[in-house]
Amino acid sequence: MKKYLFMAVALVFALGCSKPSPTPKDVLVKRLFTYAENGQIAYGHQDDLVYGHSWCVTDVENDPLERSDIKAVSGKYPALVGFDLGGIELAEEKNLDGVPFDLMRRAALKHIERGGMVTFSWHPRNPLTGGDAWDISSAEVVKSVLPGGEKNADFRVWLQRAADFVESLGDVAVIFRPWHENTGSWFWWGEKLCSNQEYQELFRMTWLYFVKERGLTNILWCYSPGGDAGPQRSMDRYPGDEFIDIIAVDSYEFSAPGFLDQARVRYQEELKSALAFLVAVGTEHHKLIALSETGLEGLQDLTWWTGTLYPAIKDFSISYVLTWRNAWDKPGHFYAPWDGFEGAADFKAFSELEDIVLLD
Ligand code: BMA
C-alpha cells in the first residue's frame, strides 16, 4: 500500500514539474516575437500561391501550388501568406475574390508545411441588409448581431461556418484578423457604423465563440485598425488584452498620377507615427506588432520597396508586413511585382536585405 502511495505521489510530482510541450500557437508567437527582437521583419503577400498577376490556380485538388509572383521575382516564397474568408459565412464554395475554400485550405496547409505562416482576414457580407462588407447603408448592423439583436441567431451561424473552416485546418496555428480597419467608415463595423462598445462586443463575441465555445485555441488574434485614423484613435476600440495577441495597422499609400513624391512623404509619415505609437503600446501590453496590410496599388513607384516601404518600417520592432493581393482578373490591381514587371529588381533587392525574412 505504502509503495503505491509513494508511486502516486511521485507521479503527481512528475506531472506537476514536467513542462507541457509548447502548442502550435506558442511556437508561432515565439517565432514572431523573435523576429521583432532580432530586428527582422517577415514579409507576407495576400493570396500568394492561389493566384497572381494574370494567372490563377484552376485545379483545386491537384495543383502543386508551386507558383507565386513573389517566388518568380525573388526565388523565395513569402514568409507569410494571407487569405480572406469572405463568403464562408454563406457556405459559398468560393470566397469573394473567387478562391475556392478547398483550395485555400490546401494552400494554407501547404504553406505551413513548407515552414511558412498564414493569416486570415474576413470581409463577410452585411448580415442585416444582405449587401457586402462595404454596405454601410445602416448603422444598426453591429447592434443587430449582438446578443438580443434580431440577427444574432443568424450571425452565430456565420461564426460557426468561419470556425468550421479554421477547425478544418487541424492542429496548426494561424493568425485571424477579423473586423479590421474599424477606425474608418467603409465596412459595416466601421467607426461611424457602431459605437466603440458595440465594436468591442462584436470582437469579444467572435473570440468567445471560437475560443470558448469551439475550443479553437491555436489562433493568434489580430486587432488592426486603419493607419489613417491617427495613432491615438487607433486603440479606442481595442477589445482588451485577453482577446488580442497582435496589435497591427493597415496603412496604404495613395497617389494621384504625378503626385508620387507627396504621396510618399504622407505615407511614410503616417506609417512611422502609427508604428512608433503601436510599438510603445505593444511594449506596454506585451503584444506583437505588425503592419497587417499595406501597399501602393499598381506600384508606379519603381523603387517603392527599398525607397519607400523599407525606410518607413526598418527602425520599428514589428514582426511582419503584408502587402495586398495581385488580382489575376484586374490587371491594375496589384501590390507586389510579378515576373516581367519592370520594378521587379527593386523587390528582389528588398527581399535580400538581411532584416527582411522570406521563406528559404
Ligand atoms: C480589397 C480589394 C477587393 C477585394 C477585397 C477583399 O482591398 O482587393 O478587390 O475583394 O480587398 O479581398
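These legends walk through one overall view and four close-ups of a predicted model.

Because the model is predicted, local features need pLDDT of at least 70 and side-chain atom pairs count only at pLDDT 80 or more, while totals for chains, interfaces and linings use all residues. Residues are numbered from 1 along each chain as its sequence is written, and side-chain values use heavy atoms, with hydrogens and water left out.

**Figure 1. The whole protein chain, with its ten helices and twelve strands.** The radius of gyration is 21 Å, close to the 21 Å that the globule rule gives for 360 residues, so the chain is as compact as a globular protein of that length. (That radius is taken over C-alpha atoms, and the rule is 2.2 Å times the number of residues to the power 0.38. Helices are DSSP runs of H or I with at least four residues, strands are runs of E with at least two, and both are numbered from the N terminus.) Along its principal axes, the C-alpha trace spans about 85 × 50 × 45 Å. Buried residues make up 55% of the 360; buried means under 20% relative accessible area, exposed means over 50%, and partly exposed is in between, using a 1.4 Å probe and protein chains only. Now for contacts, meaning heavy atoms within 4.5 Å: of those with a separation of 6 or more, 76% join residues 24 or more positions apart.

**Figure 2. D84, a buried acid without a salt bridge.** You'll find D84 in strand β5, residues 80-84. A salt bridge would need a side-chain nitrogen of Lys or Arg within 4 Å of a carboxyl oxygen of Asp or Glu. Here the nearest side chain of opposite charge, R177, is 6.2 Å away. (Lys and Arg count as positive, Asp and Glu as negative; His and the chain ends are not counted.) A polar atom of the D84 side chain does lie 3.5 Å from the backbone nitrogen of W122. Leaving out residues up to four places away in sequence, D84 touches several others, including Q46, D47, M104 and S121.

**Figure 3. G86, tucked into the loop between β5 and α4 (101-113).** With 1% relative accessibility, G86 counts as buried. Residues that G86 touches, beyond four places away in sequence, are N95, L96, F101, W122, H123 and P124. Look for G98 too: twelve residues separate it from G86 in sequence, and their C-alpha atoms are 10.0 Å apart in space.

**Figure 4. D245, in the loop between β8 (219-223) and β9 (246-253).** This one is buried as well, at 18% relative accessibility. Its side chain makes a polar contact with the side chain of K25, at 3.1 Å. (A polar contact is a pair of N or O atoms within 3.5 Å; within protein, one must be able to donate a hydrogen and the other to accept it, and residues adjacent in sequence count only if both atoms are side-chain atoms.) A polar atom of the D245 side chain also lies 2.7 Å from the backbone nitrogen of W221. Among the residues D245 touches, not counting those up to four places away in sequence, are I219, K287 and L288.

**Figure 5. W179 and its positive phi.** Most residues other than glycine have a negative phi. W179 has a phi near 55°, and E181 has one of about 50° although it is not a glycine. W179 is found in the loop between β7 (174-177) and α7 (196-213), and E181 is in the loop between β7 and α7. W179 is buried, with a relative accessible area of 0%; E181 is buried too, with 9%.
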